[in-house]
Amino acid sequence: MGNTQYDIIIIGSGAGGGTVAHALADTSARILILERGDFVPQEPANWDPEAVWKHLRYRASEHWLDRSGEKFLPYTHYCVGGNTKFWGSVLYRFRREDFEAVEHIDGVSPAWPIGYATLEPFYEKAERLYQVHGECGVDPTEVPRGPFPHAPIPHAHEMARMVEQLREQGLHPSPLPLGLLNPGEPNGCILCSTCNSFPCQRHAKSEADVCCIRPTMERPNVTLWTNAYARRLLTDATGRRVAMVEVEHLGEILRVEAPLVVVSCGAVNSAALLLRSADDKHPEGLANSSGLVGRRYMAHLATMMEGFHPFRKNHTVFQKTVAINDFYLRGPDGGYPLGQIQSQGRTHGVMAQTVVSWIPLWVYAAWVARGVDWLAISEDLPRLENRVTVETDGRIRLNYRPNNLIAHDRLVTEAKQILKRLGFWTVITHSHEYKNTTHQCGTVCFGTDPQESVLDPYCRSHDVDNLFVVDASFFPSSAAVNPGLTIAAQALRVADHIVATDLK
Ligand SMILES: Cc1cc2nc3c(=O)[nH]c(=O)nc-3n(C[C@H](O)[C@H](O)[C@H](O)COP(=O)(O)OP(=O)(O)OC[C@H]3O[C@@H](n4cnc5c(N)ncnc54)[C@H](O)[C@@H]3O)c2cc1C
Ligand code: SF4
């Protein structure tokens, strides 16, 4: 096993853990990354809808319990790179207003302890690290910013025509910011139809395995253990420091030590790890004097939409390039914020069949060949009762009841009208509702008041001095754009802080 003395242990290698590892690899600190999954092999199955959607080849096999105690298979992945391996790589900065208190139909989305200006330089670094393509000056909700590192991905012919028609409707469509590596170049991204929810067989998607973990593996100071599941964090006699991490690795239970521990297991698993680490000094779970660990779970309200026209075949291969942000800050009547509409990757027949399995595949295939896919995302609000808990047998329970539903219904209604005006005969919708886990966040929130938050504004635990949590758990609110770039930007900010304070 080699050296078991490290300076930093990072648990999890996704958007948060992978990014913080990449940033800290430049220091001389000896870093151990613990990842419960393995590398996703580069293989033809990466792009096979049947392997990915029917046989769930890369999906986590563990079941969670929902709020009524029913088992369900969460839509999540345990592997090097975490869920970033499967993301659509839409890499948005949160809007400036997302950092402020915003009134929604269902209540107030709370302010963050930092403003957009604080995170802006780290967004810029994160966009370079994840090679984001985008265009300034067209998005009506755009934040103050410099140019994108790369030019936008051009819309395919039919999407470009729809963008024109959207403008004729008085809307302001803009290119989605996308993290893709060297599109059009040899070995680069080929703009295929199996990107969102699939791993990239060419390693041309900007994700934490390819952009962060693999480059750090060349460093002598970085060690990665795969198939290494962090079971518990054990504190020292004072209870103010994590002394050891108990790990299940290759069938053995080991204890590893470091003066600094960065937890980054994703919002559900980070909360679960802290709760499982309860001891006599922390009877309600580690870092949980506020009682907030696991609470305030958010995941966005997300509805997949497919505009269908029986006589119009969809020839677009790479479809995920268009955003409509006109209703992000306020609805069409000038009222409360509704959220974002974005075009989605192509649906494949097998994917659609997972919704109603008895309909034959050829029906779905014929259907999706004439469909154009969109996604409507609205913000959900942090509620104490929406929470992650751990059962006595160790299983994760997700008590989640979506809120802000009226805003989301209005957004979906608006989106349907927009699509009808684009000529689609009908619009089919589907949502994961209370089993929504892909944009999970908020369970270990950051803030300035130790009674109202778990972490300080640099994501350090208020209670445990050498413990950071750097993944989507720190979000005090969920905003309504994709979370990944904000996780990565804060991870870079935390890494700078660790270098300036803990490693100096
Ligand atoms: C299909 C899909 C599409 C998406 N598309 C987008 C998109 O286009 N844009 C966007 O911004 N976001 C997107 N997301 C969401 C995005 O992937 C997540 O927000 C992001 O990956 C969360 O980062 P994280 O660091 O919090 O957790 P993760 O990236 O999930 O990383 C957590 C890591 O911790 C590991 N881990 C968990 N528990 C333990 C343990 N006890 N011990 C050791 N390791 C552990 C996991 O295996 C995993 O590698 C998508 C997600 C999915 C599933
Ligand atoms: S080739 Fe490009 S579009 Fe296809 S999966 Fe890879 S990154 Fe995504």
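Let's start at the second largest pocket, whose lining counts 14 residues, with Leu301, Leu405, His408, Ser431 and Glu433 lying nearest its centre. Two elements give two or more residues to this lining, namely β15 (301-308) and α9 (405-421). Of these, α9 gives the most, with four residues. The volume of the second largest pocket comes to about 210 Å³. In chemical character, its lining splits into seven nonpolar residues, five polar ones and two charged ones. Keep in mind as you look around that this is a predicted model.

From here, let's move on to ligand 1. There are 37 residues around ligand 1, and Gly16, Glu35, Asn83, Val90 and Gly484 come nearest. Which elements each supply at least two residues of this shell? They are α1 (15-24), β11 (228-235) and α10 (484-501). The largest share belongs to β11, which contributes three residues to the shell around ligand 1. If you sort the shell by class, you will find 16 nonpolar residues, 18 polar ones and three charged ones.

Several backbone atoms take part in polar contacts with ligand 1, and they are worth picking out on the screen. At Gly16, a polar backbone atom sits 2.8 Å from an oxygen atom of ligand 1. At Arg36, the partner is a nitrogen atom of ligand 1, 3.2 Å from a polar backbone atom of that residue. At Gly82, a backbone N or O atom lies 3.4 Å from an oxygen atom of ligand 1. How much of ligand 1 does the protein bury? Taken alone, ligand 1 exposes 1000 Å², and 97% of that is buried by the protein.

The last stop is the aromatic side chains. The structure holds 18 aromatic pairs. One of them joins Trp112 and Phe475, with 5.3 Å from centre to centre and 50 degrees between the planes, and it counts as tilted. That label follows because planes under 30 degrees apart count as stacked and those over 60 as edge-to-face, with the rest called tilted. Where do the two partners of this pair lie? Trp112 is in the loop between β6 (107-109) and α3 (116-129), while Phe475 is in the loop between β22 (467-469) and α10, so the pair ties together parts that are 363 residues apart in sequence. You have already met α10 on this tour, as one of the elements that supply at least two residues of the shell around ligand 1.

Note on methods: Residues numbered from 1 in each chain as written. Chains lettered and ligands numbered in written order. Predicted model: local features only at pLDDT ≥ 70, side-chain atom pairs only at ≥ 80, totals over all residues. Heavy atoms only, no water. 1 Å grid on protein atoms, 1.4 Å probe; cavity = no way out; pocket = protein on both sides within 12 Å on 5 of 7 lines; lining within 4 Å. Points joined across faces, edges and corners; volume = space filled by probe spheres on them. Nonpolar A, V, L, I, M, F, W, Y, C, P; charged D, E, K, R; others polar. Near = heavy atom within 4 Å. Polar contact = N/O pair within 3.5 Å; in protein donor to acceptor, adjacent residues only side chain to side chain. Areas by Shrake-Rupley, 256 points an atom, 1.4 Å probe, with all protein chains shown as cover. Phe/Tyr/Trp six-rings, centres within 6.5 Å; stacked < 30°, edge-to-face > 60°.
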